[in-house]
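User: I am new to this structure and should be grateful for a close look at its main nonpolar core. Please set that part within the whole protein.

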Amino acid sequence: DLRVTPTNYLPTINDSQKSAAETTLMVDTILQPFSMGGKLEEEYQKETSLRWKAAYNLTYGRLLAIKVRAFEYNYACAQLKLLGTGDVATKSNHWIFQPDTQLGSGASMKKLATESDRLLKRCVNEAPGTPWALLAERELSAPMGWEWKESNADYAAMDRRMADAKRGPR
């Protein structure tokens, strides 16, 4: 249970951004062999193994989706930082991040999201009924963007209710 206060607001967001940045760096490292551009698609067209093609589409599509989600999460955290600490604990002390279909970080992530969708849909279409297609469908069902909703949680009232519940019936 993380209680957000003016003193831990920015460090908490910074930690979240650090985690997203580390994920992006790891995925970028894994994606390096895929950086052959159009040459990779040419090789794909020559491939005769349907199993290899399904695995390729799923793997590459998922990696791109992970990268977009991590980058978008980092961006959403940066937007949250813009609120500043002025209203923390009085107006807003509770933020819920939810997946969203809108991407806010720019054209490069929209391009990667489009490519991820293309690969995952190709996996579903070319390998219907397979475990690869099932996993691709699952990946496609989760939006790649993030939004956050803010509120002011009454932590004191929650603490009182928890204490009452622990004491049991009177």
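The answer below begins with the whole protein, turns to the core, and ends with some individual residues.

Analyst: The model is a predicted one. The protein contains six helices and two strands, and along the sequence these follow the pattern α-α-α-β-α-α-β-α.

The overall dimensions come next. The radius of gyration of the protein is 21 Å, whereas a compact globule of 170 residues would have one near 15 Å. Along the principal axes, the C-alpha atoms fill a box of roughly 70 × 40 × 25 Å. Of the 170 residues, 31% are buried. The accessible surface amounts to about 10,500 Å², and carbon and sulfur atoms hold 58% of that surface. As for charge, the protein has 23 positive and 21 negative charges, and the mean positions of these two sets lie 3 Å apart. Among contacts with a separation of 6 or more, 82% join residues 24 or more positions apart.

Within this setting lies the part requested. The largest nonpolar core consists of 10 residues, namely Val-27, Leu-31, Phe-34, Leu-40, Tyr-44, Tyr-56, Tyr-60, Leu-63, Leu-64 and Leu-119. Three elements each give two or more residues to this core: helix H1 (9-31), helix H2 (38-46) and helix H3 (50-81). The most comes from H3, which gives four residues. A second core, separate from this one, has seven residues, including Leu-58, Leu-120, Ala-127 and Ala-136.

Two members of the largest core show how its residues meet. Leaving aside residues up to four places away in sequence, Tyr-60 touches Leu-31, Phe-34, Leu-40 and Leu-119. On the same terms, Leu-40 touches Phe-34, Tyr-56 and Tyr-60. Leu-40 is placed in helix H2. Why does Leu-40 count as buried? Its relative accessibility is 13%, and the term buried applies because this value is under 20%. Separation along the chain may also be set beside separation in space: Leu-40 and Ile-13 are 27 residues apart in sequence, and their C-alpha atoms are 38 Å apart.

Two residues that are not listed in this core offer further views of the protein. Ser-92 lies in the loop between H3 and E1. With a relative accessibility of 4%, Ser-92 counts as buried. Ser-92 and Lys-81 are 11 residues apart along the chain, with 12 Å between their C-alpha atoms.

Ile-96 is found in strand E1, which covers residues 94-100. Ile-96 counts as partly exposed because its relative accessibility is 41%, a value between the 20% limit for buried residues and the 50% limit for exposed ones. Not counting residues up to four places away in sequence, the contacts of Ile-96 are with Glu-147, Trp-148 and Lys-149. From Ile-96 to Ala-156 there are 60 residues along the chain and 19 Å between the C-alpha atoms.

To return to the part requested, the largest nonpolar core includes both Leu-40 and Tyr-60, and these two residues touch each other.

Note on methods:
Residues are numbered from 1 along each chain as its sequence is written. This is a predicted model: local features need pLDDT of at least 70, side-chain atom pairs count only at pLDDT 80 or more; totals for chains, interfaces and linings use all residues. Side-chain values use heavy atoms; hydrogens and water are left out. The radius of gyration is taken over C-alpha atoms; the globule rule is 2.2 Å times the number of residues to the power 0.38. Buried means under 20% relative accessible area, exposed over 50%, partly exposed in between (1.4 Å probe, protein chains only). Contact means heavy atoms within 4.5 Å. Accessible areas come from the Shrake-Rupley method with a 1.4 Å probe; for residues, only the protein chains shown count as cover. Lys and Arg count as positive and Asp and Glu as negative; His and the chain ends are not counted. The place of a charge is taken as NZ of Lys, CZ of Arg, CG of Asp or CD of Glu. A nonpolar core is a set of buried Ala, Val, Leu, Ile, Met, Phe, Trp, Tyr and Cys residues joined through side-chain atoms within 4.5 Å.
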